[in-house]
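Trainee: I would like a close look at a single part of this structure, taken slowly and in one connected account.

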Amino acid sequence: MGMSRRLRNTTPALRHGWHPVARSTEVGDEPVAVRLLGEPWVVARLDDRLAAFADRCPHRLAPLSAGRVDADELVCGYHGWRFVASGECTTVPALGPGTPPPRRARAVPAWGVTERHGLVWIAPREPVAELIELPEEHSTGFDSVWLEPTRTTACAGLLADNFLDTAHFPFVHADTIGAGEDTAVPPYRVTPDGDGFVVQLEQVVANPEDPLVATGEHPLVQRRWTTYVYRPPFMLRLRMEYPDAGTITSILFCLQPEDSGATRVYTRVLRDDLGGDADRLAEAARFEQRVLDEDLALQERFDLDGLPLLGDDGEPAEEVSIRADAAGVALRRALAALVDRHTPATARERRVARRTADIRQARR
């Protein structure tokens, strides 16, 4: 058996990915402090441009988030040093007018910062995958609602795995989406798609949100066509089509690995069956929050500091997987590939050496 590896919230390879760090509405006129991969960052709107820096002034390492925004510059609150979006320092007040800042006086910018789907995203270094798409965002007839961002002690890798897992529905979600669901998971397809993948399956499930269930015109248990889209490291989209009810629900589920024991969860729900009704939209959000709360109640009890990846021999080292876990195995493969691609050669060589030693030991 290969040596176990786990993907933790602070695994350095995760720097090569897009991560949500705030709702767009959370970043206003002042700098905002955020945590990502165990590190402090600051996000600010400098004129019409988003900027993100490591949250330390190069002068005395004061948090830049304790400063302020002045037009297109971020001003450090400690000594008034000024930085533009590139990280270049334009002014050092203590040097007096006309004296250029020291050459090393630069804030450290992220590789990329952008705004998409109502979220602010940071890529600390060049990402392996593009931002996930959300086609329903601009489709006619869809209403959109956000759940309040939720902070949990569960790690991002385990939460992504849970989102892709359908076998837990009858057990964890017996009071919501899993009611009356068959415990057997039929075979389904996992199709590679760039650095991520797409999962497609057909199920028979409870659809308590169909209003015609209450009137008896539709059965509670209905057909559902489900499509998951995954982009590394923690960007996921779920589209659920109920052909009997003629409705579509899409869920954007993205994770911010803040620290070793903290993950922030962003959930956006888009539905085409609510007709702009604010009350029904609020009720849809409450229902999805109940589903998320059921998941978090269990995930927070896991005694794991990260998602188990494949061992050095390419096989699961800690877990036993079955056919129903095909999506979760694909997730582990994608994240293992990300880690391997951005792990220094010396570390890879040590793993190969350990694997070789294990094989030799087994042959004796």
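In which helix does Asp-161 lie, and what surrounds that residue there?

Mentor: Keeping in mind that this is a predicted model, we can begin with the residue and work outwards: Asp-161 lies in helix α1, which covers residues 156–164. Its relative accessibility is 15%, and because buried means under 20%, Asp-161 counts as buried. Leaving aside residues up to four places away in sequence, Asp-161 touches Leu-307, Gly-328, Leu-331 and Arg-332, and among these Gly-328, Leu-331 and Arg-332 belong to the part of helix α5 that α1 meets.

This leads to the packing of the two helices. Two packed helices are described by the angle between their axes and by the distance between the axes. For α1 and α5, the latter spanning residues 326–341, the angle is about 150° and the axes are 8 Å apart. Since angles over 145 degrees count as roughly antiparallel, α1 is roughly antiparallel to α5, and the crossing in which α1 passes α5 is right-handed. On the α1 side the contact is made by Gly-157, Ala-160, Asp-161 and Leu-164, which meet Ala-327, Gly-328, Leu-331 and Arg-332 on the α5 side. Sorted by character, the residues of this contact comprise 4 nonpolar, 2 polar and 2 charged, and Asp-161, with which we started, is one of the residues that α1 brings to this contact.

Conventions:
Residues are numbered from 1 along each chain as its sequence is written. This is a predicted model: local features need pLDDT of at least 70, side-chain atom pairs count only at pLDDT 80 or more; totals for chains, interfaces and linings use all residues. Side-chain values use heavy atoms; hydrogens and water are left out. Helices (H or I, at least four residues) and strands (E, at least two) are DSSP runs, numbered from the N terminus. Buried means under 20% relative accessible area, exposed over 50%, partly exposed in between (1.4 Å probe, protein chains only). Contact means heavy atoms within 4.5 Å. Axes are lines fitted to C-alpha atoms, for helices over the stretch in contact, and angles run from 0 to 180 degrees between N-to-C directions. Angles under 35 degrees count as roughly parallel, over 145 as roughly antiparallel, 65 to 115 as roughly perpendicular and the rest as oblique. A crossing is left-handed if the near helix is turned anticlockwise from the far one by less than a right angle, and right-handed if clockwise. Ala, Val, Leu, Ile, Met, Phe, Trp, Tyr, Cys and Pro count as nonpolar, Asp, Glu, Lys and Arg as charged, and the others, Gly among them, as polar.
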